[in-house]
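Work through the exercises below with the sequence and the model at hand. Each task is followed by a solution in steps.

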Amino acid sequence: YCLAHSLGCKLQTIYVAATGQRFEGMGFMAFNNFSFVQTISMARSFAEQIRKTTRGSDSSFGSVSSLGDQEILNTIFAFAENVVGAIGVDFTPNAKDTERLIQMRFDDNLQERTRLFVFD
């Protein structure tokens, strides 16, 4: 059996496609097939949520709650998104290639033994 989470799901998909290894069952929790730019955006959202929940606490990260610090954090993430988008950096295989791998290598038998768990 195989159980993977987030980016581990993508890595396991690549491994199974490359090696042909078969498992009695596979479970993928929160499969992550995002591009690099999407991952940066997700990290930005995550950082904003942490900042909101820690605001007013004694943690050092929670103290980064002034408007100026928020603008700096947004500027850093925006810069990272722009640079990555401009130079075309992405994960290999990219999201499209990973989907193609799944279509080519995950036959009906393997699909029947694979479960996707999504968290809303």
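**Exercise 1. Describe the largest pocket: its volume, its lining and the classes of the lining residues.**

Step 1. The space in the largest pocket comes to about 190 Å³. A pocket is an open set of points on a 1 Å grid over the protein atoms alone, where a 1.4 Å probe fits, with protein on both sides within 12 Å along at least five of seven lines. Its volume is the space filled by probe spheres set on the points, which are joined across faces, edges and corners.

Step 2. Lining residues have an atom within 4 Å of a point. For the largest pocket they are Thr13, Phe28, Phe31, Ile102, Phe106, Gln111, Thr114, Leu116 and Val118.

Step 3. Sorted by class, the lining has 6 nonpolar and 3 polar residues, and no charged ones. Ala, Val, Leu, Ile, Met, Phe, Trp, Tyr, Cys and Pro count as nonpolar, Asp, Glu, Lys and Arg as charged, and the others, Gly among them, as polar.

The model is predicted: local features need pLDDT of at least 70, side-chain atom pairs count only at pLDDT 80 or more, and totals for chains, interfaces and linings use all residues. Residues are numbered from 1 along each chain as its sequence is written, and side-chain values use heavy atoms, with hydrogens and water left out.

**Exercise 2. List the elements of the protein chain in order.**

Step 1. Count the DSSP runs, taking helices as H or I of at least four residues and strands as E of at least two. The protein chain has 5 helices and 3 strands.

Step 2. Read from the N terminus, the order is β-α-β-α-α-α-α-β.

Step 3. Place one residue: alanine 47 belongs to helix α2, which spans residues 36-54. Its C-alpha atom is 8.8 Å from that of leucine 73, 26 residues away along the chain.

**Exercise 3. Decide why cysteine 9 forms no disulfide, and whether the cysteine pair is buried or exposed.**

Step 1. A disulfide needs two cysteine sulfur atoms within 2.5 Å. The structure holds 0 disulfides.

Step 2. Cysteine 2 is in no disulfide, and the nearest cysteine sulfur, in cysteine 9, is 8.0 Å away. Cysteine 9 has its closest cysteine sulfur in cysteine 2, and 8.0 Å is too far for a bond.

Step 3. Buried means under 20% relative accessible area, exposed over 50%, and partly exposed in between (1.4 Å probe, protein chains only). Cysteine 2 counts as buried because its relative accessibility is 11%. Cysteine 9, at 0%, is also buried.
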